[in-house]
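Q: Could you take a close look at one part of this model, the central sheet, and work outward from there to the surroundings that go with it?

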Amino acid sequence: MTPGPGRPLAAALAEGTLVLDGGLSNQLEAQGCDLSDALWSARLLADGPGQIEAAHTAYVRAGAQVLITASYQASYEGFERRGIGRDEAAGLFARSVELARRAAGTVERDVWVAASVGPYGAVTADGAEYRGRYGLSVRELERFHRPRIEALAAAGPDALALETVPDLDEARALLRVAGEYGLPVWLSYTVAGGRTRAGQPLDEAFALARAHDEVIAVGVNCCAPADAEAAARAAVRATGKPAVVYPNSGEHWDAGAGAWTGAATFTPDRAASWERAGARLIGGCCRVGPEAIAELAAARRGASGDPTGGAGAG
């Protein structure tokens, strides 16, 4: 296993803001990968690990200080549907962490690896992560997530990224299970118009993390850039913890046309406002590629006055 950075992610956050990577899927597509499978980018853990490592490397070279693994849509159930047994699947979860570690090792600075734990709705591959309210109890969601989190935790990431969470029930389940494994965690909701995708108030949603000492940041991802600043302020107010913010590009998906429409609104200027609101982990999600992350990293270096990248330099 490639060694990780020499200090904990929480310690680096205490010193300053870190730049996350951008959307893994859009970079994989830019590399020519077909992600039409229900496993999405997780399919490449088995069929094209080199492509995943190359995508991570593109973000490291752009200046990302934290990489998020390709395990968002991975599940034992999904792998089983492709004829992948449990032992092999556990190896694929571990591979997701190692691929990011190897990419991180291509630069002479600290780069942390966060293992992505996507929501139940991501694994169903029907858009349910943007609705929530699956009809499952908190205990049923715990049973679903526990084997995934156990496999990822065993691979030794620097943190678990509980991301794109659409509602409070799933957040409760994820926090309970993640708390069993002794790793730092961030909790990130997908939101719209100042509420979770299931329609719950953000103050209530963020407050769930307040009493969890393992949670090092709380915030939002996979949302419109315009929703991020207010959400960051709400997260800090509700928890007293740093915020994490990594929204989409601002373009809109037209399901009928099967295409993205509109202009991108993700900019370093917006990111500066997220930092003023209390965000200490800042990056991008869908349609935010290495070029945008490079602009964000350059802006952060300029703001800190440190040409090596501030808190992320080793």
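A: What follows is a reading that begins with the sheet, moves to the helices on it, then to the pocket, and ends with a few single residues.

The model is a predicted one, and the description below should be read with that in mind. Its sheet is open and is formed by eight strands, which follow one another in the order 1-12-9-8-5-4-3-2 with parallel pairing. At the edges stand strand 1, residues 18-19, and strand 2, residues 66-68, each of which pairs on one side only.

Strand 4 offers a good place to look at the pairing in detail. This strand, residues 159-165, runs parallel to strand 3, residues 112-117, and the two are joined by four bridges. Within that pairing, Ala-115 has Leu-160 of strand 4 as its bridge partner, while Val-117 has Leu-162 of strand 4 as its partner. Strand 4 also runs parallel to strand 5, residues 185-189, and four bridges join these two strands as well. Leu-160 takes part here too, since it stands opposite Val-185 in strand 5. As for the surroundings of strand 4, seven of its seven residues are buried, so the strand is largely enclosed by the rest of the structure.

Helices pack on this sheet, and two of them can be placed against particular strands. Helix 6, residues 86-104, packs on the sheet and touches strand 2 and strand 3, with its direction making about 155 degrees with that of strand 3. Helix 12, residues 268-276, also packs on the sheet, where it touches strand 9 (243-246) and strand 12 (279-282), and its direction makes about 140 degrees with that of strand 12.

From the sheet one can pass to the largest pocket, which holds about 1,100 Å³ of space. Its lining is made up of 43 residues, and those closest to the centre of the pocket are Trp-40, Tyr-130, Cys-222, Trp-260 and Cys-286. Strand 4 returns at this point, because it, helix 2 (24-30) and strand 10 (252-254) each supply at least two residues of that lining. The largest share, four residues, comes from helix 2. Sorted by class, the lining of the pocket has 18 nonpolar residues, 16 polar ones and nine charged ones.

Trp-40, one of the residues closest to the centre of the pocket, is found in the loop between helix 2 and helix 3. Its relative accessibility is 26%, and therefore Trp-40 counts as partly exposed, given that the class of buried residues is kept for values under 20%. If neighbours within four places in sequence are left aside, Trp-40 is in contact with Ser-25, Leu-35, Tyr-72 and Gln-73. Trp-40 and Ser-71 are 31 residues apart in sequence, and their C-alpha atoms are 9.8 Å apart in space.

Ser-41 lies in the loop between helix 2 and helix 3 (44-47). Ser-41 has a relative accessible area of 4%, and because this is under 20%, the residue is buried. Not counting residues up to four places away in sequence, Ser-41 touches Leu-28, Leu-35, Ile-52 and Ala-70. Leu-35 thus appears among the contacts of Trp-40 and among those of Ser-41.

Two other loop residues deserve attention for their backbone. Ala-125, in the loop between helix 7 (120-124) and helix 8, has a phi near 60 degrees, a positive value in a residue other than glycine. Ala-125 is partly exposed, with a relative accessible area of 42%. Arg-287, in the loop between strand 12 and helix 13 (290-304), likewise has a positive phi, of about 75 degrees, although it is not a glycine. Arg-287 is partly exposed, its relative accessible area being 37%.

One last residue comes from a helix. Glu-140 is found in helix 8, residues 138-154, and is partly exposed, with a relative accessible area of 33%. The C-alpha atoms of Glu-140 and Asp-254 are separated by 33 Å, and the two residues are 114 residues apart along the chain.

Technical notes:
Residues numbered from 1 in each chain as written. Predicted model: local features only at pLDDT ≥ 70, side-chain atom pairs only at ≥ 80, totals over all residues. Heavy atoms only, no water. Pairing = 2+ DSSP bridges. Contact = heavy atoms within 4.5 Å. Axes fitted to C-alpha atoms, helices over the stretch in contact; angles between N-to-C directions. 1 Å grid on protein atoms, 1.4 Å probe; cavity = no way out; pocket = protein on both sides within 12 Å on 5 of 7 lines; lining within 4 Å. Points joined across faces, edges and corners; volume = space filled by probe spheres on them. Nonpolar A, V, L, I, M, F, W, Y, C, P; charged D, E, K, R; others polar. Buried < 20%, exposed > 50% of the residue type's maximum accessible area, 1.4 Å probe, protein only.
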